[in-house]
Amino acid sequence: MKRISIVYRNEENSLVMQHLEAVIHSVFRDSAELRGIYISRLKPGEQVDADVYLLSDRRLIFDLREHAVSMHNVVFMDRSILRSSLGEIRAIPPGSEVLIVNDTRDTAEETAVMLYGLGVDHVRFTLFDPENPDGHDGVRYAITPAEPALVPSHIPHVIDCGYREISFETMMEIERLLGANDPEITSRLVDYGMKIIEPARTSAANYLNRFLREKLLDEYLYYSEDVTFAVNDAGEVVFFNQKAASLFGFRHDRRILLREHIPEELLTLLYSADNILKAACTLNETHYTLDKKSFLSAERSIGFTVNMRDEMSIVNSETVLSNALKKSGLVARYRFSDIMYTSEVMKRTVRRAQIVAGTDHTVLILGESGVGKEIFAQAIHNASGRKDRPFLGVNCASIPESLLESELFGYEEGAFTGARKHGRAGLFERARGGTIFLDEIGDIRPQMQASLLRVLQEKQIMRVGGSQVIDIDVRVVAATNRNLPEKVQSGEFRDDLYYRLNVMQITIPPLRRRKADIRPLFDYFLENSRPLPTQAMYEKMQRHSWPGNVRELENCALYFKTFHTLPETVSEDAGVREDPQGLPSQARIDIAILRIISDSNAVGRGIGRTRIQYLLESGHITVSDIQLRKRLAHLNQRGFIEIHKGRRGATITPAGLQYLAENATL
Ligand SMILES: Nc1ncnc2c1ncn2[C@@H]1O[C@H](COP(=O)(O)OP(=O)(O)OP(=O)(O)O)[C@@H](O)[C@H]1O
């Protein structure tokens, strides 16, 4: 056990001694044994061994010389007062004469020096001498460190500032000499420092700042979920956190040589030539990602730091992230159960989307404005394996071209004027593990098309102004109301990007092609409000062409709720307007047939003629039996379908799927 010897001249002022010992004990407790030494009682030549000799009076150094084993451990006790007393002293009117009273003139002088040192300079101090107490008649103020009985009785204002305390700086010096590395001592020392006035303010402030820094390290490193340690040039572990201690058995009470604690393979990895190393490693069947950084001084390594992250903790922290995202609204709200429909064609579309959701492929959603593309994108995300991760939607047409790239890919500090310090992660990085919904993809310019193509091909991004590639694991769901094949044909949209996006395609039919949905959707948007539309109103709605699709219908329901009538825009004239893409041509019938066969194959079934005919009918395409046979034969001839005997019926070929994708908007 370490020893602190408090050196006094003699046993005269035992109350002060008891107080000082109690103060030291309150900070260092049982980490050191405390002993009072009275110089007057030591025999000539008697040796006293201690880790700290604490001198209550500087002049004792001469006497101590012949008794101390080492003079390196001497600490002079600086004194201070409690912060609480200083307020009273400062309140004494400026210019007043103040008598400093202590048991001797010398100690009174020390107190006056200490008060000047603490910045008390608005009053004049006069020293009291107990051996010559008279002659202070006009004085109205006295300050005394715990000797009020000595103050002349005529003085009306007496401030007892209590025993002079041990300065914070002195305490720090004791801590240093004891080599105490105990967070509890540090914490008690900081508490002590807050209570007293410190003459040497800078070092106390430095100590407190260091304490704060250590707290930060504790908070973020010591109790971190990662395994973290630092190794110096001699291969000694000089810092490690709790996780590292339990994984490698590092202990604070002994010198730790890295090579004695970690497996050979990991050692080889850490001592590889790379100054910055990112690698993966497995220990005790746990997979870690490892980051090593070497620190160089004058081109020589002075050591390195290692951070190892358990891959499972990444998943967990991302789940926490996704919960946070849920709170902040960066999530998909809609599920398939929120999509209202009764039409056969929508049943098929939803079924197809549900199958697509189960895969991890890129999805392209086509359909006119307001048909519900975004609601489908969200439902796909929520039905996918990524549902607990972020869903980030971005309308490519509404962000200026100049900003779209940095918005999607992020930027590095200084990438452009106005770029934030430390840069910013883009939507692809923020959607990590989740889904990004690129709405209005048909409107992006060629340069952006090229960047997106790279992301889809390489699954990597580079921040604007950056040089590092970042791996991303994000599913892309894109949507457009443009006729993309036409845009590809005219060269406005890159064909390679189109094929990358078109891996899985969902075309949402316009409302006029699924009139069976009008009434259930309208009733849904009314939210049980009364009155309901008349039969004539419902019929009028059936005859309207709904150029704004479901969004228009939703607005129409809102109008009805307020005015109990339909808006002027729902006109019967508009209802007879035909589908802008024309009546079902043979090509359109072929596409419809291929889509029916493809949907049926997607759920693992072939399909026969009768069912195809029935499904065509429910999509308002009427064909005779002979006509259907002809179309099937034609599709078979073009290599788009195969027709099997018996119950297997027709199946679509890859060429058929390709043709379907290319003509998605038909
Ligand atoms: N089947 C549906 N059931 C319930 N609500 C729907 C349905 N389809 C669309 N909606 C609603 O209609 C509105 C338009 O849908 P959404 O924004 O998804 O369309 P969009 O095709 O993405 O439109 P745009 O191309 O203009 O972005 C939304 O308020 C959506 O909630």
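This passage describes the overall make-up, two parallel sheets, a hairpin and the ligand surroundings of a predicted model.

The chain holds 25 helices and 26 strands. Of its 666 residues, 31% are buried. When contacts between residues at least 6 apart in sequence are considered, 65% of them join residues at least 24 apart.

One open sheet consists of five strands in the order 17-20-23-16-24, and the pairing is parallel. Strand 17 (391-395) and strand 24 (504-507) occupy the edges of this sheet; each has a single partner strand, so one side of each is left without a neighbour in the sheet. On average, and with direction ignored, neighbouring strands here are turned by 15 degrees against each other. Within the sheet, strand 16 (residues 363-366) pairs with strand 23 (residues 475-480) in the parallel sense, over four bridges. Valine 363 has valine 477 of strand 23 as its bridge partner.

Helix 12 (373-382) is associated with several strands of this sheet. Nine of the ten residues of helix 12 are buried, so the helix is largely enclosed by the rest of the structure. The buried residues are Lys373, Ile375, Phe376, Ala377, Gln378, Ala379, Ile380, His381 and Asn382. Their cover includes strand 16, strand 17, strand 20 (435-439), strand 23 and strand 24, together with helix 11 (344-357).

The surroundings of the ligand also involve helix 12. A total of 17 residues surround the ligand, and the closest are Met340, Gly372, Lys373, Glu374 and Val550. Helix 12 and helix 20 (549-563) are the elements that give two or more residues to this shell. Lys373, listed among the closest residues, is also one of the buried residues of helix 12. By residue type, the shell divides into seven nonpolar, five polar and five charged residues. At least three residues of the shell come from each of domain 4 (329-507) and domain 5 (511-574).

A further open sheet is built from four strands in the order 7-6-8-9, again with parallel pairing. Its edge strands are strand 7 (124-127) and strand 9 (157-160), each of which pairs on one side only. Neighbouring strands of this sheet are turned against each other by 30 degrees on average, direction ignored. Strand 8 (residues 141-144) runs parallel to strand 9 and is joined to it by four bridges. Opposite threonine 144 stands aspartate 160 in strand 9. Helix 4 (residues 105-117) packs on the sheet and touches strand 6 (97-100) and strand 7; the direction of helix 4 makes about 165 degrees with that of strand 7.

An antiparallel pair is found elsewhere in the chain, where strand 13 and strand 14 (residues 286-297) are paired over eight bridges. One of the bridge partners is given by leucine 277 and lysine 292, the latter in strand 14. The two strands form a hairpin with two residues between them, and asparagine 284 in the turn has a positive phi of about 45 degrees. Of the eight residues of strand 13 (residues 276-283), the number buried is zero, so this strand lies largely in the open. For helix 12, by contrast, nine of the ten residues are buried.

Definitions and conventions
Residues are numbered from 1 along each chain as its sequence is written. This is a predicted model: local features need pLDDT of at least 70, side-chain atom pairs count only at pLDDT 80 or more; totals for chains, interfaces and linings use all residues. A residue is near a molecule or strand if its C-beta atom, placed from the backbone, lies within 6 Å of it. Ala, Val, Leu, Ile, Met, Phe, Trp, Tyr, Cys and Pro count as nonpolar, Asp, Glu, Lys and Arg as charged, and the others, Gly among them, as polar. Domain bounds come from an automatic or database domain assignment. Two strands pair if DSSP finds at least two bridges between them. Axes are lines fitted to C-alpha atoms, for helices over the stretch in contact, and angles run from 0 to 180 degrees between N-to-C directions. A residue is buried if 20 or more other C-beta atoms lie within 10 Å of its own, exposed if 12 or fewer, and partly exposed in between; C-beta atoms are placed from the backbone. Two residues are in contact if their C-beta atoms, placed from the backbone, lie within 7 Å.
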